[in-house]
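Here's a quick tour for anyone meeting this protein for the first time. Have a look at the structure, then read on.

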Amino acid sequence: RREAELEARLAKARLQALRMQLNPHFLFNTLNSIASLVHEQPQAEGMIEALSDLLRLTLNASDRQEVTLREELHFLERYLLIEQIRFGDRLRVEKQIDVSALDAPVPILILQPLVENAVKHGIESQIAPGIIRVTAVHAGKSLVLQVHDNGRGLAAASKGVLKEGVGLSNTRSRLKELYGGRASLQLTPGKAGGFLAEIQVPWRSAVSAATQPLELASCKSAL
């Protein structure tokens, strides 16, 4: 029992460290975008307001490792507002969300790194307008989250190899800490170009999530 309790505390500490790493990462990138516009374009004010809203939302949920998909999509909307101001007509976002999954729990800020990666490798690297599609569907025992872009894909990456940055490696580590082998992150070339990032997490309904505490993967293995 003592070993299990220690393992749970260590897992919680690792998750908190990952959260602390992720927050300043996307904040830094967003501030860089704002800095490039603030002296040139009036849209900078809208970006600052969106960033303020995003920070307020994340601070209010700072003690939670999971939120509902509905809340996560709200976080994502604030981030996307910043990017859409930045890219204008060059960026279009489409969403296909399974309504039955809106109250299912997901790791907080799990979609933002996937969208950031799609923007970096799919939208920034091409002149033509880009599309980012976000989907969420309940599939059996899993909740499947996808982010797909229509960029140039792997050929545009350095030597044809996609290097995972802080956001993606952080996401992969958080999934492992929270769910062990029951969750996954896969990055594959899209069938019609671009990249497809897919996350699968264990499906839990709103009722079961509310009545059953999150069982950290490390704690489960210790037991």
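Let's start at a glycine: Gly180, just after helix H5, takes a positive phi of about 60 degrees. Keep in mind that this is a predicted model. From that spot we'll look back along H5, move to a pair of packed helices, and finish with the protein as a whole.

**Helix H5**
- H5 covers residues 166-179, which makes 14 residues.
- From its first C-alpha to its last, H5 reaches 20 Å, close to the 20 Å expected at 1.5 Å a residue.
- Plenty of names turn up on the buried list for H5: Gly167, Leu168, Asn170, Thr171, Arg174, Leu175, Glu177, Leu178 and Tyr179.

**Helix H3**
- H3 runs over residues 69-87, and here too a glycine follows: Gly88, just after H3, has a positive phi of about 60 degrees.
- How far apart should the ends of H3 be at 1.5 Å a residue? Its 19 residues should span 27 Å, and the end C-alpha atoms sit 26 Å apart, which agrees.
- The buried residues of H3 are Leu69, Glu72, Leu73, Phe75, Leu76, Tyr79, Leu80, Ile82, Glu83 and Phe87.
- An α-helix has 3.6 residues a turn, so residues three or four places apart point the same way.

**H3 against H4**
- H3 packs with helix H4 (residues 112-123) at an angle of about 20 degrees, and their axes are 10 Å apart.
- Angles under 35 degrees count as roughly parallel, so H3 is roughly parallel to H4.
- The crossing of these two helices, H3 and H4, is right-handed.
- On the H3 side, the contact is made by Glu72, Leu76, Tyr79, Leu80, Glu83, Arg86 and Phe87.
- H4 brings Gln112, Val115, Glu116, Val119 and Ile123 to that contact.

**Gly46**
- Gly46 is found in helix H2, which spans residues 43-60.
- Is Gly46 buried or partly exposed? Its relative accessible area is 24%, and buried means under 20%, so Gly46 counts as partly exposed.
- Gly46 and Ile85 are 39 residues apart along the chain, yet their C-alpha atoms are separated by 7.6 Å.

**The whole protein**
- There are seven helices and seven strands, and from the N terminus on they go α-α-β-α-β-β-α-β-β-α-β-β-α-α.
- Of the 223 residues, 43% count as buried.
- Take the contacts between residues at least 6 apart in sequence: 75% of them join residues at least 24 apart.
- The accessible surface comes to about 11700 Å², and 55% of that belongs to carbon and sulfur atoms.

Notes:
Residues numbered from 1 in each chain as written. Predicted model: local features only at pLDDT ≥ 70, side-chain atom pairs only at ≥ 80, totals over all residues. Heavy atoms only, no water. Helix = DSSP H or I, 4+ residues; strand = E, 2+ residues; numbered from the N terminus. Buried < 20%, exposed > 50% of the residue type's maximum accessible area, 1.4 Å probe, protein only. Contact = heavy atoms within 4.5 Å. Areas by Shrake-Rupley, 256 points an atom, 1.4 Å probe, with all protein chains shown as cover. Expected span 1.5 Å × (residues − 1). Axes fitted to C-alpha atoms, helices over the stretch in contact; angles between N-to-C directions. Parallel < 35°, antiparallel > 145°, perpendicular 65-115°, else oblique. Left-handed = near helix turned anticlockwise from the far one by under 90°.
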